[in-house]
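Biologist: Could you walk me through this one, slowly please?

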Amino acid sequence: MIRKHTRRAAKAAFAISLAVAIVLGGTARPAESKSSASPSITLGTKNFAEEYILGQLYKQALEAKGFDVVYKENIGSTELIDKALTSHKIDMYPEYTGVIVQVVFGRALSAKTAAATYALAKQLQEKRGFTLFRPTPFADTDAVAVLKSTATKYNLKTLGNLKNVPGLKLAALPEFRTRNTGLVGLRRNYGLTNVKFVPLAGLSPYQALDSNKVQAAAVFSTDPVLGPTSKYKLLADPVHQFGFQNVAPVVSKQLVASLPPLFRRTVDAVSAKLTQNAIIAMNKAVIIDKKTPKSVARTFLKANGLL
Amino acid sequence: MIVGDTFRPGIFVDALAFIADNPAFLAGKALEQLVLAGAALGLALLVALPFGIVLGHLHRGSGIAIGASIFARALPSLAAIAFLLPVLGIGFLNNAIALAILAAGPLLTNAFEGVEGVDRDAVDAARGMGMSAGQILRRVELPLAVPLLMTGIRVAAVTVVATAPIAAIAGGGGLGDVIVNQASYRLKGVLGASLCVMALSAAVFLCLVALQNALTPKGLVRTRVVGDLPPGKELQ
Amino acid sequence: MDDDGPVIPDFGEGSSCVTDNRTFCWDWAREHWGDTLQPAVLQHLWLTAIAIAIGFVLAFGLALLAHRVRRVEHPIGVGAALLYTIPSLALFQLLVPLTGITTTTVEIALVAYTLVILYPNIVAGLDGAPPEVVEAARGMGLTRRQVLTRVELPLAVPAIVGGLRIAVVSTIAIATIAAFLLPKGLGYPIFYAIKLPEPFKTEIYAAGALAIGLALLCDGGLVLLRRALVPWARKGGA
């Protein structure tokens with residue numbers, strides 16, 4: 001006949017899984033209890049390495065000063081993270097000043113300097129309930145890169161020279177296609193009307209260049225693979241289509257009001273240390289030497305007395 | 001990647017509107033996906049099917065056959081694509097091979113089980129009639145194995161079609177391009193493209209069921225295989 | 001030079017294996033086991049365990065219901081099948097407006113997929129008791145509930161464990177995609193590594209191998225479980 005122990009085992013298994021489900025279900029809920037001392041800061045980042053580093057820098061510095069940080073890494077592109085901000089899913093994230101003006105608010109590039117761009121960005125954000133903390137010394141602009149061999153072949157120095165490339169294929173993050181700082185701008189400012197756009201949804205533009213799938217790709221000017229000895233060349237942007245792009249944390253005014261001034265001071269102290277060389281060094285550590293953003297941020301903060 | 005649009009019941013209507021507004025675009029993406037899936041399936045058929053049939057005919061290697069199925073299920077599609085990425089770069093080939101590996105599992109297993117499980121009496125009778133091994137395979141084992149073979153092909157095909165969206169992260173194209181790009185196409189686009197993927201999977205499933213019915217020799221009872229999952233991806 | 005400039009510390013060079021991005025760098029794997037790989041494995045196990053536990057309870061309940069009320073068996077089955085065809089990438093994104101970018105969102109999707117796999121298998125298992133045996137049990141005076149617990153359920157164990165095997169392995173695989181949304185689980189190192197300017201091979205292979213290994217380990221464990229529960233059954237379940 002059916003063994004007794006099998007029946008018992010089945011019952012036991014069922015009871016156990018039910019219990020486990022209940023227990024796990026209970027603990028799976030995110031911790032609702034907020035410290036009565038101060039509200040938590042929900043800090044988000046965009047979806048690339050430099051943002052992960054910035055996020056970790058601010059997160060760890062704030063936590064060291066006793067703030068409670070809820071960290072939402074890798075939310076997505078500007079469009080998505082701005083939505084997260086305005087729908088109050090996050091309170092704060094590091095953004096590039098030019099991107100605020102041109103992508104978030106869709107304005108054409110008008111500011112002629114980094115400072116003017118920052119001022120304009122701040123003004124625009126403040127109208128809708130957010131503010132900008134102090135900007136970083138470094139700027140990370142979009143840029144278009146080509147292989148040095150391609151540059152030699154078609155004599156490419158500026159973006160306008162891309163007209164010389166027959167059947168031009170350009171790879172970039174998907175949002176590049178519709179942006180004023182992106183394809184739309186290239187068409188308007190440099191007359192590049194015949195470009196085949198190859199969207200990258202999780203792949204590196206350098207990969208696309210290396211595998212000869214495209215002749216040009218949109219990259220960032222603080223990428224550690226760039227530099228005098230790299231095999232890639234950045235094309236000049238005389239019209240400053242890509243604007244000025246220092247980083248400034250966008251923060252909800254409400255959050256600022258509900259936290260002591262130490263909040264702003266801590267963040268600003270971190271930002272002040274982020275020079276071009278510093279960020280490129282950190283990018284190199286993460287992207288080339290494959291350290292984690294968390295450990296790189298920690299090392300940097302410690303070395304600069306911010307932790 | 002996330003965020004964003006709020007979830008109202010109207011999102012379904014918006015999604016349908018998205019489909020209605022972009023028929024050519026979505027059809028093009030769907031075609032891309034079918035081509036990729038077709039290539040992957042073709043590759044897998046070329047390799048896994050003969051292998052499974054031969055093993056089944058020889059009544060050898062059942063471990064391999066079962067193992068193939070388990071391994072294919074255990075291999076995350078993301079991992080398959082990521083493994084081949086450094087080797088083959090982005091684009092069609094990388095994704096086709098990755099998906100082919102996924103499809104090979106059910107194909108191999110079912111080909112094996114189908115041929116191996118053919119009624120011994122029938123095989124013996126054929127041998128008694130003086131048929132060679134090759135003739136037995138062609139005239140007895142294969143026709144009788146059709147139900148399981150077709151089930152394997154069907155599971156593999158639907159798996160590949162429904163898993164293809166993930167290929168978008170490695171330049172594979174298809175409807176996945178929309179699904180990973182909520183920034184440009186918004187949530188309604190994501191939902192719209194997903195509905196298209198679901199419709200595509202269902203269509204492939206139905207076509208292959210019809211094909212199976214057409215190919216099954218009359219008078220053969222269709223065996224149901226436990227593990228013949230509901231139409232959809234077997235793994236993602 | 002401004003004396004307010006930052007100190008740029010030495011972050012430590014990656015080994016030449018790492019900077020050259022050679023096929024597999026054991027030193028990287030060892031160095032980053034604690035901060036990258038192990039947490040990912042644990043998170044992955046956690047995500048899977050919750051999904052299986054909740055999914056199993058739900059599937060079991062629904063299967064019992066379908067077993068009792070035959071009429072709902074088909075509709076539930078069709079509903080489940082439909083759910084399964086939603087691409088996971090899409091389902092995660094669609095749930096975000098409802099439950100945010102949280103583990104809950106991921107779990108809802110994973111539970112749904114688990115449910116879909118387990119339900120038909122449990123139903124098949126419950127229905128699989130030979131009618132003569134059920135008849136005999138009834139004849140002996142067992143109540144309906146007793147028939148269920150003493151006859152049908154034990155006989156259903158191979159099918160249920162078979163379903164669990166498929167569900168566990170599939171969930172471990174699908175959970176890698178959750179990293180598209182949430183930086184947790186073994187999918188996270190993979191997504192991270194392929195997005196670097198040059199996809200970092202070691203991290204990809206390490207995380208991928210761990211995911212596959214985890215799945216195979218669980219599959220093996222469940223086979224052992226089945227042998228322990230129903231030693232007389234041979235090769236039951238897929």
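Modeller: Two strands pair if DSSP finds at least two bridges between them, and strands (E, at least two residues) and helices (H or I, at least four residues) are DSSP runs, numbered from the N terminus. This is a predicted model, in which local features need pLDDT of at least 70, side-chain atom pairs count only at pLDDT 80 or more, and totals for chains, interfaces and linings use all residues. Residues are numbered from 1 along each chain as its sequence is written, and chains are lettered from A and ligands numbered from 1 in the order in which they are written.

Biologist: OK, so which residue stands opposite A:A217 in β8(A)?

Modeller: That is A:A145, and in β9(A) the bridge partner of A:A145 is A:L234.

Biologist: And how many bridges join β5(A) to β8 of chain A?

Modeller: Strand β5 (residues 142-147) is joined by 5 bridges to β8 (residues 216-220), running antiparallel, while 3 bridges join β5(A) to β9 (residues 232-234), also antiparallel.

Biologist: How many residues of β5 are buried?

Modeller: In β5 of chain A, 5 of the 6 residues are buried, where buried means that 20 or more other C-beta atoms, placed from the backbone, lie within 10 Å of the residue's own. Across the 307 residues of chain A, 49% count as buried.

Biologist: Switching topic, how many residues of chain B are in contact with chain C?

Modeller: There are 40 residues of chain B in contact with 45 of chain C, contact meaning C-beta atoms, placed from the backbone, within 7 Å. On the side of chain B that touches chain C, α9(B) gives the largest share, 9 residues.

Technical notes: A residue is buried if 20 or more other C-beta atoms lie within 10 Å of its own, exposed if 12 or fewer, and partly exposed in between; C-beta atoms are placed from the backbone. Two residues are in contact if their C-beta atoms, placed from the backbone, lie within 7 Å.
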